[in-house]
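Here is a short tour for a first-time reader. Please look over the chain and its fold before reading on.

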Amino acid sequence: MPKKPEFPRREEFLNAALARFSRSGYSATSTREICADLNIVPSAMYNYFPSKEAVILAIEEREMTQMLEVYQSVVLATDGQPAARLAGLVTCTFEQAIVRRASWRLMADMIRSLQPENREHVIERRDAVERMVRNGLEQAIEAKLIPPQDIKLACLQLFSMAEGMSGWYRTDGAYAPSHITSHATLFFLRAIGASEGLLQHAP
């Protein structure tokens with residue numbers, strides 16, 4: 001009798017789930033399909049996750065925690081440097097949209113499918129990222145690096161650009177990630193009226 005495949009490590013399961021969710025969407029994906037991708041019996045999933053929602057929440061926590069650390073490293077490295085900080089945060093946003101393109105688009109769609117009691121922590125982590133960008137914009141305005149403007153709207157435009165990028169970027173495309181992020185950073189900074197001093201900090 002052939003031996004049944006052992007349950008994969010937790011991270012392996014999350015990676016397979018993320019790949020399946022990004023291809024088919026969260027709502028259209030079943031846990032049975034994820035298990036089939038890993039060649040394990042469906043019941044094996046319950047060794048780690050009680051439900052499909054628990055899987056998506058684990059993916060969100062992993063991806064957003066890692067992304068928050070990247071943003072925080074930019075903030076720490078640019079203390080007292082408003083030009084470098086805003087340019088770094090904008091570039092970071094576009095880089096993360098490419099590096100985490102599967103989870104970026106999934107996170108944009110998943111919140112509508114969550115139970116109300118599970119939305120709070122998801123929203124908290126998203127708000128933490130947005131606060132860092134807003135603070136960067138506010139400091140740039142105070143330093144007269146960009147003109148006074150609607151910060152909330154500027155943030156929405158930035159993250160909308162990044163979300164679109166996560167959808168159309170392809171690893172076999174004509175442009176390297178560094179070229180795309182550099183172009184997008186300059187495009188956004190010019191759109192919000194960046195001074196030459198700020199533009200010099202773009203990659």
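Which residues of α1 are buried? They are F13, L14, A16, A17, L18, R20 and F21. This is a predicted model, and the report below walks through its parts.

## Overall layout

The protein chain has nine helices and zero strands. Read from the N terminus, its elements run α-α-α-α-α-α-α-α-α. The C-alpha trace spans about 70 × 40 × 30 Å along the principal axes of the protein chain.

The protein chain holds 203 residues. Of these, 44% are buried.

## Helix α1 and what follows

Helix α1 covers residues 10-24, which is 15 residues. What span should α1 have at 1.5 Å a residue? The expected value is 21 Å, because the span is taken as 1.5 Å times one less than the number of residues. The end C-alpha atoms of α1 are 21 Å apart, so the model agrees with that value.

The buried list of α1 includes F13, A17 and R20. Its spacing can be read against a general rule. An α-helix has 3.6 residues a turn, so residues three or four places apart point the same way. After α1 comes G25. The phi of G25 is positive, near 90°.

## Aromatic contacts

How many aromatic pairs does a search of the whole structure find? The search finds four. Ring pairs also link F13, Y48 and F49 into a cluster. One member, F13, is among the buried residues of α1. Another, Y48, lies in the loop between α2 and α3.

Y48 and F13 are 35 residues apart in sequence. In space, their C-alpha atoms are 9.4 Å apart. Is Y48 buried, exposed or partly exposed? Y48 is partly exposed, because its relative accessible area is 43%, between the cut-offs of 20% and 50%.

A charged side chain also meets a ring. K52 lies over the face of Y26. The distance from K52 to the ring centre is 4.5 Å.

## Helix α4

Helix α4 takes in residues 82-99, 18 residues in all. From its first C-alpha to its last, α4 reaches 25 Å. That is close to the 26 Å expected at 1.5 Å a residue. Helix α4 is mostly covered, with 14 of its 18 residues buried.

V90 is in helix α4. Is V90 buried or exposed? V90 has a relative accessible area of 1%, so it counts as buried, under the 20% cut-off. V90 and T185 are 95 residues apart along the chain. Their C-alpha atoms are separated by 6.1 Å.

## The largest pocket

How much space lies in the largest pocket? The value is about 480 Å³. The largest pocket is lined by 19 residues. Closest to its centre are W104, R126, E130, F159 and E163. Four elements give two or more residues to the lining: α3 (52-77), α5 (101-110), α6 (116-142) and α7 (151-168).

The lining of the largest pocket is mixed in character. Eleven of its residues are nonpolar, two are polar and six are charged.

## Exposed positions and unusual phi values

Most residues other than glycine have a negative phi, and most peptide bonds are trans. Two residues here have a positive phi without being glycine. For N39, phi is near 60°. For K144, phi is about 60°.

Where do N39 and K144 sit? N39 is in the loop between α2 (31-37) and α3. K144 is in the loop between α6 and α7. N39 has a relative accessible area of 55%, so it counts as exposed, over the 50% cut-off. K144 is exposed too, because its relative accessible area is 72%.

P116 lies in helix α6. P116 counts as exposed because its relative accessible area is 56%. P116 and A162 are 46 residues apart along the chain. Their C-alpha atoms are separated by 26 Å.

Terms used. Residues are numbered from 1 along each chain as its sequence is written. This is a predicted model: local features need pLDDT of at least 70, side-chain atom pairs count only at pLDDT 80 or more; totals for chains, interfaces and linings use all residues. Side-chain values use heavy atoms; hydrogens and water are left out. Buried means under 20% relative accessible area, exposed over 50%, partly exposed in between (1.4 Å probe, protein chains only). On a 1 Å grid over the protein atoms alone, a cavity is a set of points where a 1.4 Å probe fits but cannot get out, and a pocket is an open set with protein on both sides within 12 Å along at least five of seven lines; lining residues have an atom within 4 Å of a point. Grid points are joined across faces, edges and corners, and a volume is the space filled by probe spheres set on the points. Ala, Val, Leu, Ile, Met, Phe, Trp, Tyr, Cys and Pro count as nonpolar, Asp, Glu, Lys and Arg as charged, and the others, Gly among them, as polar. Rings of Phe, Tyr and Trp (its six-membered ring) pair if their centres lie within 6.5 Å; planes under 30 degrees apart count as stacked, over 60 as edge-to-face and the rest as tilted. A charge sits over a ring if NZ of Lys or CZ of Arg is within 6 Å of the ring centre and within 35 degrees of the ring normal.
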